[in-house]
Amino acid sequence: MEAEYGMHPALVCLDYIQIVPIEGRMDRNSQVTEAIVSAKDLMLDIASPMVMCVQATRGVDQREDKIPTIGDCQWSSALEQESDKLLGVLRPSLAYKDWEGRKIRYKGHEVPITPTTFMMRLEKQRFAPGGQLFMLDFAPAYVRLSDLELEVQPEPQGEGWVKNV
């Protein structure tokens with residue numbers, strides 16, 4: 001990119017890493033493991049952050065908490081070994097058919113679930129603890145995923161209410 005276009009990538013995104021073709025590997029597990037290792041090598045060579053996306057296994061559908069965990073990723077051992085961070089992402093209005101319009105407790109506030117609400121949990125972070133939950137809002141017109149902003153306004157009795165901004 002730098003040689004042809006004079007630009008350095010700020011972020012590289014690889015969606016569905018399981019379908020990256022790798023020559024000379026016979027079984028699927030070896031192909032995917034090699035794709036993950038090659039992607040990490042590329043990231044280190046170009047000195048840019050990389051996001052690799054994988055599909056969760058169907059087992060996540062059987063649990064009450066449907067945010068994917070490390071174990072829900074096929075080929076999770078290669079992902080866990082090579083990644084610096086692992087994130088589980090969920091769109092609750094699609095995962096839970098009856099959740100749209102419901103509210104969820106987040107940072108001490110009741111937050112409504114809308115079609116643009118996403119939940120993301122930090123499953124792994126190298127050299128630091130994980131487990132933090134983030135609520136996000138997706139703006140389809142701008143293809144932008146951002147932190148869900150909460151605005152707390154005091155009521156006359158001193159109680160707070162939450163407004164999704």
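## An exposed methionine and its patch

M7 counts as exposed because its relative accessibility is 51%, where the cut-off for that class is over 50%. In this predicted model, M7 has its place in the loop that runs between α1 (2-5) and β1 (12-14). Together with M1 and Y5, M7 makes a nonpolar surface patch of about 400 Å².

## Helix α2

Helix α2 covers residues 28-46, and its 19 residues reach 27 Å from the first C-alpha to the last, which is close to the 27 Å expected at 1.5 Å a residue. The buried residues of this helix are Q31, V32, A35, I36, A39, K40 and M43, a list that includes the polar or charged names Q31 and K40 alongside V32 and I36. As background to such a spacing, an α-helix has 3.6 residues a turn, so residues three or four places apart point the same way.

After α2 comes A47, a residue whose phi is positive, near 55 degrees.

## The hairpin of β4 and β5

In strand β4 (residues 103-106) the side chains alternate, with I104 and Y106 pointing to one face, where they are buried, and K103 and R105 pointing to the other, where they are not. This follows the general rule that in a regular strand the side chains alternate between the two faces of the sheet.

Strand β5 (residues 109-112) pairs with β4 in the antiparallel sense over four bridges, and within this pairing Y106 stands opposite H109 of β5. Two residues lie between the strands of the hairpin, in which K107 takes a positive phi near 50 degrees.

How values were computed: Residues are numbered from 1 along each chain as its sequence is written. This is a predicted model: local features need pLDDT of at least 70, side-chain atom pairs count only at pLDDT 80 or more; totals for chains, interfaces and linings use all residues. Side-chain values use heavy atoms; hydrogens and water are left out. The expected span of a helix is 1.5 Å times one less than its number of residues. Buried means under 20% relative accessible area, exposed over 50%, partly exposed in between (1.4 Å probe, protein chains only). Two strands pair if DSSP finds at least two bridges between them. Patches are made of residues with over 30% relative accessible area and no salt bridge: like charges are joined within 9 Å, nonpolar side chains (Val, Leu, Ile, Met, Phe, Trp, Tyr) within 5 Å. Accessible areas come from the Shrake-Rupley method with a 1.4 Å probe; for residues, only the protein chains shown count as cover. A salt bridge is a side-chain nitrogen of Lys or Arg within 4 Å of a carboxyl oxygen of Asp or Glu.
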